[in-house]
Amino acid sequence: MDETEFWQLVDSTREVAEGDPEEQADLLVERLVQLDPDSVLDFARHFESRYNRAYRWDLWGAAWVLLDGASDDAFDFFRCWLIGQGREVFEGAMHDPDTLAELLDDFDEEIDGDGEELGYAADEAYEQLTGAVAPDLGIPGAASEPAGTPLDFENEPLVAERYPKLWERFRES
């Protein structure tokens, strides 16, 4: 599975799920079990490499604004959700996290921002196909600390200055 096929699977399942990340995860599992185990592992590698790439302070700050706070776990689930939003949103956020204010059409606080189940879709599909736990993917793991410069998320004026578009759309009321 190449990168284009990976993003096509992500996009098509998001569209059918109408943006619901849990439904999208279920659809991903359904689609992945139709593939061979090696293709499922390829999907997992694509997902995991993007998940690790998104382990950045500036994205954590964007998640903090969007979610009105983001613990370690919440940021992990946010990164899964961000991948589930598709290539355009993911790459846009990687380039400039503040652009999420423009890239996201709707943001439902009840379901958006938490894509925990998306992070397990490939593992679940692989296990259904083979009856075994997925092997090590053979890609570098995430860094012990997020990339970039740490930001004091509790300093609201600083966060508002760093993410003016997100702050205006999601925090100023």
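Which side chain does Arg162 meet in a salt bridge? In this predicted model, the partner is Asp58, at 4.0 Å from N to O. Arg162 belongs to helix α9 (residues 156-162) and Asp58 to helix α4, so the pair ties together parts 104 residues apart in sequence. The two partners differ in burial class. Arg162 has 34% relative accessibility and counts as partly exposed. Asp58, at 19%, counts as buried, because the class takes in residues under 20% relative accessible area.

The structure holds eleven salt bridges. Another of them joins Glu102 and Lys165, whose closest N and O atoms are 3.2 Å apart. Glu102 lies in helix α7 and Lys165 in helix α10 (residues 164-170), so this pair ties together parts 63 residues apart in sequence. Glu102 is exposed, at 52% relative accessibility. Lys165 is partly exposed, with a relative accessible area of 35%.

A further bridge links Arg171 to Glu156, with the closest N and O atoms 3.4 Å apart. Arg171 sits in the segment after α10, while Glu156 is in helix α9, so the parts tied together are 15 residues apart in sequence. Glu156 is partly exposed at 41% relative accessibility. Salt bridges also link Glu3, Arg50 and Arg87 in a network.

Asp98 presents another case. The residue is located in the loop between α6 (87-95) and α7 (100-103). Asp98 is buried yet has no salt bridge. Its nearest side chain of opposite charge is that of Lys165, 4.9 Å away. A salt bridge requires the nitrogen and the carboxyl oxygen to be within 4 Å. Lys165 is nevertheless among the residues that Asp98 touches. The other contacts, leaving aside residues up to four places away in sequence, are Tyr163, Pro164 and Leu166.

Helix α6, which precedes this loop, has the buried residues Val89, Phe90, Gly92, Ala93 and Met94. These buried residues pack against α1 (3-16), α3 (37-53), α4 (57-67), α5 (72-84) and α7.

On the surface, a negative patch is formed by Glu18, Glu22, Glu23, Asp26, Glu30, Asp114, Glu117, Asp123, Glu124 and Glu127. Helices α2 (21-32) and α8 (121-130) are the elements that give two or more residues to the patch. The largest share, four residues, comes from α2. Asp26 is found in that helix, α2, and counts as partly exposed at 45% relative accessibility.

Key
Residues are numbered from 1 along each chain as its sequence is written. This is a predicted model: local features need pLDDT of at least 70, side-chain atom pairs count only at pLDDT 80 or more; totals for chains, interfaces and linings use all residues. Side-chain values use heavy atoms; hydrogens and water are left out. Patches are made of residues with over 30% relative accessible area and no salt bridge: like charges are joined within 9 Å, nonpolar side chains (Val, Leu, Ile, Met, Phe, Trp, Tyr) within 5 Å. Accessible areas come from the Shrake-Rupley method with a 1.4 Å probe; for residues, only the protein chains shown count as cover. Lys and Arg count as positive and Asp and Glu as negative; His and the chain ends are not counted. The place of a charge is taken as NZ of Lys, CZ of Arg, CG of Asp or CD of Glu. Buried means under 20% relative accessible area, exposed over 50%, partly exposed in between (1.4 Å probe, protein chains only). Contact means heavy atoms within 4.5 Å.
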